[in-house]
Amino acid sequence: MPISCTLAAGRSIDCTDVVGGLKAVYFAASFQDLSVAATVTSGVLSELPGDSGAASGNLTIFRYDLRPELSSMTINVQADTNNGTVFYEQTLSLMFHKLANSDADKIVSLAKSRLNTFVLDNNDQVYCLGAENGLDVSGGNLTTGTSFGDMNGFQLDFSGRELFPIYFLPSPTVGAADFPFNGANALATGVTLALS
């Protein structure tokens, strides 16, 4: 996506009507360069392709629900004026309670994959990470804890480097079909949301 080197607008102080934190994260079944395959307007992915990359066909996405106040998304600007370079490092840290036998296969699958990742925050805003280059698992741990009150579960950290800081999805309608993907126009021919 070409980026202009001149400023086009300013920014005023907005209302204090948002909260922090994440509700859920969604991983696409197969990676695609969404900067090419999707329709992008002013940083918004208004149309997503199906699994095969075509405009027709279904888009398969796996949902991972998140407990409140445990997971986070951060985008760091990495710039070097001496080299004339700038890129955006996207990081996602996810925490899941309770180790289960089915989690091992999921962790292995995520660790091997390059991922298009959609993040739903507590304001019902959807962000797309790894749109062009994908996110990769960069670390994590599985723990039983020591004391009764300690964490039993696993944490996964993801990171990616992109030329554009972040893409948004159009605002979804809460409670509608295919939430939170229902805000995108002509979204393939449908979305399959799955927990496993």
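The exercises below, each with a worked solution, concern a predicted model.

Residues are numbered from 1 along each chain as its sequence is written. Because the model is predicted, local features need pLDDT of at least 70 and side-chain atom pairs count only at pLDDT 80 or more, while totals for chains, interfaces and linings use all residues; side-chain values use heavy atoms, with hydrogens and water left out.

**Exercise 1. Describe the overall make-up of the protein.**

Step 1. Take helices (H or I, at least four residues) and strands (E, at least two) as DSSP runs, numbered from the N terminus. The protein has 2 helices and 12 strands, in the sequence pattern β-α-β-β-β-β-β-α-β-β-β-β-β-β.

Step 2. Call a residue buried under 20% relative accessible area, exposed over 50% and partly exposed in between (1.4 Å probe, protein chains only). By this rule 36% of the 196 residues are buried.

Step 3. Contact means heavy atoms within 4.5 Å. Among contacts with a separation of 6 or more, 68% come from residues 24 or more positions apart.

**Exercise 2. Work out the strand order of the open sheet with 4 strands, and find its edges.**

Step 1. Two strands pair if DSSP finds at least two bridges between them. The order is β5-β6-β10-β9, with antiparallel pairing.

Step 2. β5 (72-80) and β9 (136-143) each have a single partner strand, so one side of each has no neighbour in the sheet.

Step 3. From one strand to the next the twist averages 15°, with axes as lines fitted to C-alpha atoms (for helices over the stretch in contact) and angles from 0 to 180 degrees between N-to-C directions.

Step 4. Inside the sheet, β6 (residues 85-97) and β10 (residues 153-162) are joined by 10 bridges. One residue to locate is Y88, whose bridge partner in β10 is E162.

Step 5. Helix α2 (residues 101-112) packs on this sheet and touches β9 and β10, its direction making about 15° with that of β10.

**Exercise 3. Identify the residues and elements that build the largest nonpolar core.**

Step 1. A nonpolar core is a set of buried Ala, Val, Leu, Ile, Met, Phe, Trp, Tyr and Cys residues joined through side-chain atoms within 4.5 Å. The largest has 19 residues, and V25, F27, L92, L94, L110, V119 and F158 touch the most other members.

Step 2. At least two residues each come from β1 (22-28), β6, α2, β8 (126-129) and β10.

Step 3. Beyond its neighbours within four places in sequence, L110 contacts F27, Y64, L115, V137, L156 and F158.

Step 4. A separate core of 17 residues includes A24, Y26, L59 and L120.

**Exercise 4. Classify two aromatic pairs and place them in the fold.**

Step 1. Rings of Phe, Tyr and Trp (its six-membered ring) pair if their centres lie within 6.5 Å; planes under 30 degrees apart are stacked, over 60 edge-to-face and the rest tilted. The count is 8 aromatic pairs.

Step 2. Y26 and F181 have ring centres 5.3 Å apart and planes at 90°, so they are edge-to-face. Y26 is in strand β1 and F181 in the loop between β11 (167-168) and β12 (190-194), so the pair ties together parts 155 residues apart in sequence. Relative accessible area is 3% for Y26 and 1% for F181.

Step 3. F96 and F154 have centres 4.9 Å apart and planes at 25°, so this pair is stacked. F96 is in strand β6 and F154 in strand β10; both residues are buried.

Step 4. Ring pairs also link F27, Y64, F96, F154 and F158 into a cluster.
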